[in-house]
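Work through the exercises below with the model open in a viewer. Try each task before reading its solution.

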Amino acid sequence: MPLDPQPLDPLRDLQKGLIAHLKAHAPLHTWLGAEGRIHDAVPPDPVYPYVRVDRVEAQPFGGVGVAATEQAVTLRVVSDFDGTEEARAIASELRVALDQAHITLDSNQLVSLRVTYLDVFRGADRTVFGLVRLRALTEPI
């Protein structure tokens, strides 16, 4: 007899919801293609530009008896366009798509989602990066 599936932990649940939400956000298709090049694990030969889930952090939020989790998620835009325009446009669209978004999660409820930081900068080669940091508060359903 198969075991009942365990509910997703808050980090995995939020990451899954974020990726699904971004892949469904039509304005990003202009930059990331209809398939939405948003990765947790980047393929060996990626198609540029793309977005990857870069860093995730979580900590309990609230006092005794409160099951909420505060999460910080960093999304990284990676572009090989000659200039910062592409990375900046994608990072800006990520902000539009995510700031105060209502994202459905599987086993948690998203209480709040805010974009807290956005930066665009050049790498050592011609690659341009964009960082978008999110603060999310989730609680079990």
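The exercises go from the overall fold to the sheet, the helices and the backbone. The model is a predicted one.

**Exercise 1. Overall fold**

Task: Count the helices and strands, give their order along the chain, and judge the radius of gyration against a compact globule.

Solution:
- Step 1. Count the elements. The protein has three helices and five strands.
- Step 2. Read them from the N terminus. The order is α-α-β-β-β-α-β-β.
- Step 3. Take the extent of the C-alpha trace. Along the principal axes it spans about 50 × 40 × 25 Å.
- Step 4. Compare with the globule rule. For 141 residues a compact globule would have a radius of gyration near 14 Å; the protein has 16 Å, so the two agree.

**Exercise 2. The sheet**

Task: Find the strand order in the sheet and name its edge strands.

Solution:
- Step 1. Follow the pairings across. The five strands lie in the order β1-β2-β3-β5-β4.
- Step 2. Classify the sheet. It is open, and its pairing is mixed.
- Step 3. Look for strands that pair on one side only. These are β1 (38–39) and β4, the edge strands.

**Exercise 3. Partners of β5**

Task: Describe how β5 pairs with β4 and with β3, and give bridge partners.

Solution:
- Step 1. Start with β4 (residues 108–122) and β5 (residues 128–140). They pair in the antiparallel sense, over 13 bridges.
- Step 2. Check the connection. A hairpin of five residues leads from β4 to β5.
- Step 3. Match residues across this pair. Leu118 is opposite Val132 of β5. Arg114 faces another arginine, Arg135 of β5.
- Step 4. Turn to β3. β3 pairs with β5 over eleven bridges, also in the antiparallel sense. Glu70 has Leu137 of β5 as its bridge partner.

**Exercise 4. Helix against helix, helix against sheet**

Task: Characterise the packing of α1 on α3, then place both helices on the sheet.

Solution:
- Step 1. Choose the descriptors. Two packed helices are described by the angle and the distance between their axes.
- Step 2. Read them off. The axes of α1 (residues 10–24) and α3 (residues 85–98) come within 11 Å and cross at roughly 110 degrees.
- Step 3. Apply the cut-off. Angles of 65 to 115 degrees count as roughly perpendicular, so α1 and α3 are roughly perpendicular to each other.
- Step 4. Assign the hand. The crossing of α1 past α3 is right-handed.
- Step 5. List the contact. α1 supplies Leu18, His21 and Leu22; α3 supplies Leu94, Ala97 and Leu98.
- Step 6. Sort these residues. Five are nonpolar, one is polar and none is charged.
- Step 7. Add the sheet. α1 packs on it, touching β1, β2 (50–60), β3 (69–79), β4 and β5. The direction of α1 makes about 40 degrees with that of β3.
- Step 8. Do likewise for α3. This helix packs on the sheet and touches β2, β3, β4 and β5. The direction of α3 makes about 165 degrees with that of β4.

**Exercise 5. Backbone exceptions**

Task: Locate a cis peptide bond and a positive phi at a residue that is not a glycine.

Solution:
- Step 1. Recall the usual case. Most peptide bonds are trans, and most residues other than glycine have a negative phi.
- Step 2. Scan omega. The bond joining Tyr48 and Pro49 is cis, with omega about -10 degrees. Pro49 sits in the loop between β1 and β2.
- Step 3. Scan phi. Gln100 has a positive value of about 65 degrees. Gln100 lies in the loop between α3 and β4.

Note on methods. Residues numbered from 1 in each chain as written. Predicted model: local features only at pLDDT ≥ 70, side-chain atom pairs only at ≥ 80, totals over all residues. Heavy atoms only, no water. Pairing = 2+ DSSP bridges. Helix = DSSP H or I, 4+ residues; strand = E, 2+ residues; numbered from the N terminus. Axes fitted to C-alpha atoms, helices over the stretch in contact; angles between N-to-C directions. Parallel < 35°, antiparallel > 145°, perpendicular 65-115°, else oblique. Left-handed = near helix turned anticlockwise from the far one by under 90°. Contact = heavy atoms within 4.5 Å. Nonpolar A, V, L, I, M, F, W, Y, C, P; charged D, E, K, R; others polar. Rg over C-alpha atoms; globule rule 2.2 N^0.38 Å.
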